[in-house]
Amino acid sequence: KTIDELNDFNVNRVGELARVPVRHLVIAFGRAGFSLHRKARGIDSTPVYPPRARPAIGEEESFAADTNDYSLLLSVVYRLVERAGRRLREMRKVGGRLGLRLRYADGREANRFFRLPYETNLDSMLFDAARDLFAKLLERRVRVRTLALSIERLAEAPAQIPLFAVDDTPKVTALLTALDRIRCR
């Protein structure tokens, strides 16, 4: 409605609006005329905040030769999960959402995301979600060029075991930590 009224006044650009005297804008638009005048001149007292970075980590692997070998692709998904899980554990973080992206040889991409039942950094839980996403993503009969995994909604790893955690969670965590040390060598 405001745009139509401004067009009636032959005002089509912000520069033209900035040249209109404020008293004319107040007569035409009431109290909103003051706001229009200030905005057209770039006057705004609202504080400007930088965008909040959403913490996330990502791992990506491109193939030397495009492939559609399912077992090879799934093994790469597992390798991406292992690397991402290790980074999460090093950072003492857990992730709440997992994303998987495929880039096909023809340049098209497919993305899917999965919200984890609870935040984790355990490879087995991350891989279960990634495997399900991978099965849903691999719909085309075109070779794959790139696989990328992202883990989002990062939070501090809890110092205490979750109330409904699987009984062997501390053992699995200790095992993964030992494997991470071995892989770093």
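## Reading salt bridges and helices in this model

Modeller: Let's start with E60, which is partly exposed, with a relative accessible area of 42%. Keep in mind that you're looking at a predicted model.

Colleague: How do I get from 42% to "partly exposed" for E60?

Modeller: Under 20% counts as buried and over 50% as exposed, with partly exposed in between. At 42%, E60 falls in the middle class.

Colleague: Okay. Which side chain does E60 meet in a salt bridge?

Modeller: The general idea is to look for a side-chain nitrogen of Lys or Arg within 4 Å of a carboxyl oxygen of Asp or Glu. Here, E60 pairs with R101, at 3.0 Å from N to O. E60 sits in strand β1 (residues 56–67) and R101 in strand β2 (residues 93–104), so this bridge ties together parts that are 41 residues apart in sequence.

Colleague: How many salt bridges does the structure hold?

Modeller: There are 15. Let me show you another, between R86 and E90, with N and O at 3.5 Å. This pair stays inside one helix: both residues belong to α5 (residues 70–91), 4 residues apart, or about one turn of the helix. R86 is partly exposed, with a relative accessible area of 21%.

Colleague: And which residue forms a salt bridge with R112?

Modeller: That's E139, with the closest N and O atoms 3.4 Å apart. R112 is in strand β3 (residues 109–120), while E139 is in the loop between α6 (123–137) and β4 (144–152), so parts 27 residues apart in sequence are tied together.

Colleague: Is E139 buried or exposed?

Modeller: Exposed, at 59% relative accessibility. Its partner R112 is partly exposed, with 32%.

Colleague: Which residues are linked in a network of salt bridges?

Modeller: Look for E59, E61, R79, R83 and R87, which are joined up that way.

Colleague: Let's turn to the backbone. Which residue has phi near 60°?

Modeller: N10 does, and that's a positive value in a residue other than glycine. You'll find N10 in the loop between α1 (2–8) and α2 (14–19), and it is exposed, with a relative accessible area of 59%.

Colleague: Where does R92 lie?

Modeller: In the loop between α5 and β2. R92 also has a positive phi, of about 55°, although it is not a glycine. Its relative accessible area is 61%, so R92 is exposed.

Colleague: Now a helix. What should the 15 residues of α6 span?

Modeller: At 1.5 Å a residue, counting one less than the number of residues, α6 should span 21 Å. The end C-alpha atoms of α6 are 20 Å apart, which agrees.

Colleague: Which residues of α6 are buried?

Modeller: They are D123, M125, L126, F127, A129, A130, L133, F134 and L137.

Colleague: Last one: at roughly what angle do the axes of α3 and α4 cross?

Modeller: Roughly 140°, and the axes come within 7 Å. In sequence, α3 covers residues 22–29 and α4 covers residues 32–40. Angles over 145 degrees would count as roughly antiparallel, and 65 to 115 as roughly perpendicular. The two helices are therefore oblique to each other. The crossing of α3 past α4 is right-handed.

Colleague: Which residues make the contact?

Modeller: On α3, pick out V22, L25, V26 and F29. On α4, it's A32, G33, F34, L36 and H37.

Definitions and conventions. Residues are numbered from 1 along each chain as its sequence is written. This is a predicted model: local features need pLDDT of at least 70, side-chain atom pairs count only at pLDDT 80 or more; totals for chains, interfaces and linings use all residues. Side-chain values use heavy atoms; hydrogens and water are left out. Buried means under 20% relative accessible area, exposed over 50%, partly exposed in between (1.4 Å probe, protein chains only). Axes are lines fitted to C-alpha atoms, for helices over the stretch in contact, and angles run from 0 to 180 degrees between N-to-C directions. Angles under 35 degrees count as roughly parallel, over 145 as roughly antiparallel, 65 to 115 as roughly perpendicular and the rest as oblique. A crossing is left-handed if the near helix is turned anticlockwise from the far one by less than a right angle, and right-handed if clockwise. Contact means heavy atoms within 4.5 Å.
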